[in-house]
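Visitor: I should like to learn how to read a protein model. May we go through one together?

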Amino acid sequence: LDSEIRMFADDSIVYRQIHTPADHLTLASDLNKLVYWANTWQMDFNVPRCAILSVTTKKKPSIYDYYMENQQIPRTDNQDYLGVTIDTKLSWQPHINNLQKKARKTLVLVKRTLHAAPPPMRKTAYEALVRPTLE
């Protein structure tokens, strides 16, 4: 591949800096090479779970439609990768929002299920289930 690739278990990311239209074509060619490789090894990509995330600060970014297995890869404004939410501006806000939401859901569950439990047990549940998410 001419683009960079990072793999972890069953998760992978292919990326490339885009400066010219030729860079779009190179990335598209690399995606086609990956599809060919997958077909050779009798594997499939779940294209609806794939996503294009363009990280840029440009007001008018260069847009290009990428395809795998004759399906257009959907665009997204943020994507989770190895537990971190990455957005188009590389800000931390979407990641922090997701962690707060997850901690809030866990806290509600703890309150609902342990409402009659003694306070030390509720504290232990909070310290074991909610606080690690926030830290």
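**Reading the model by its features**

Visitor: Before turning to the secondary structure, how are long-range contacts read here?

Guide: Contact means heavy atoms within 4.5 Å. In the protein chain, among contacts between residues at least 6 apart in sequence, 46% join residues at least 24 apart. Please note that this is a predicted model, in which local features need pLDDT of at least 70, side-chain atom pairs count only at pLDDT 80 or more, and totals for chains, interfaces and linings use all residues. Residues are numbered from 1 along each chain as its sequence is written, and side-chain values use heavy atoms, with hydrogens and water left out.

Visitor: How many helices and strands does the protein chain have?

Guide: Helices (H or I, at least four residues) and strands (E, at least two) are DSSP runs, numbered from the N terminus. The protein chain has three helices and six strands, and their order along the sequence is β-β-α-β-β-β-β-α-α.

Visitor: What does the radius of gyration of the protein chain come to?

Guide: The radius is taken over C-alpha atoms, and the globule rule is 2.2 Å times the number of residues to the power 0.38. For 135 residues, a compact globule would have a value near 14 Å, whereas the protein chain has 21 Å. Along the principal axes, its C-alpha atoms fill a box of roughly 65 × 40 × 20 Å.

Visitor: What share of the residues of the protein chain counts as buried?

Guide: Buried means under 20% relative accessible area, exposed over 50%, and partly exposed in between (1.4 Å probe, protein chains only). By this rule, 21% of the 135 residues of the protein chain are buried.

Visitor: How does one read the span of helix α2?

Guide: The expected span of a helix is 1.5 Å times one less than its number of residues. Helix α2 (residues 93-113) has 21 residues and reaches 30 Å from its first C-alpha to its last, close to the expected 30 Å.

Visitor: Which residues of α2 are buried, and against what do they pack?

Guide: P94, H95, A103 and V110 are buried in α2. The buried residues of this helix pack against β5 (78-81), β6 (84-87) and α3 (119-134).

Visitor: Is V130 buried or exposed?

Guide: V130 lies in helix α3 and is buried, because its relative accessible area is 2%. Leaving aside neighbours within four places in sequence, V130 is in contact with A103, T106, L107 and A125. T133 is also found in α3, and T133 counts as buried because its relative accessibility is 16%. Not counting residues up to four places away in sequence, T133 touches L99, K102 and A103.

Visitor: Where is E4 placed, and what does E4 contact?

Guide: E4 is in strand β1 (residues 4-8). At 41% relative accessibility, E4 counts as partly exposed. Beyond its neighbours within four places in sequence, E4 is in contact with I13, V14 and Y15. The C-alpha atoms of E4 and R104, 100 residues apart along the chain, are separated by 37 Å.

Visitor: Finally, how should one read the phi of Q42 and L90?

Guide: Most residues other than glycine have a negative phi. Q42 has a positive phi of about 55 degrees although it is not a glycine, and L90 likewise has a positive phi, near 55 degrees. Q42 is in the loop between α1 (21-40) and β3 (67-68), and L90 is in the loop between β6 and α2. Q42 is exposed, with a relative accessible area of 76%; L90 is exposed, with 56%.
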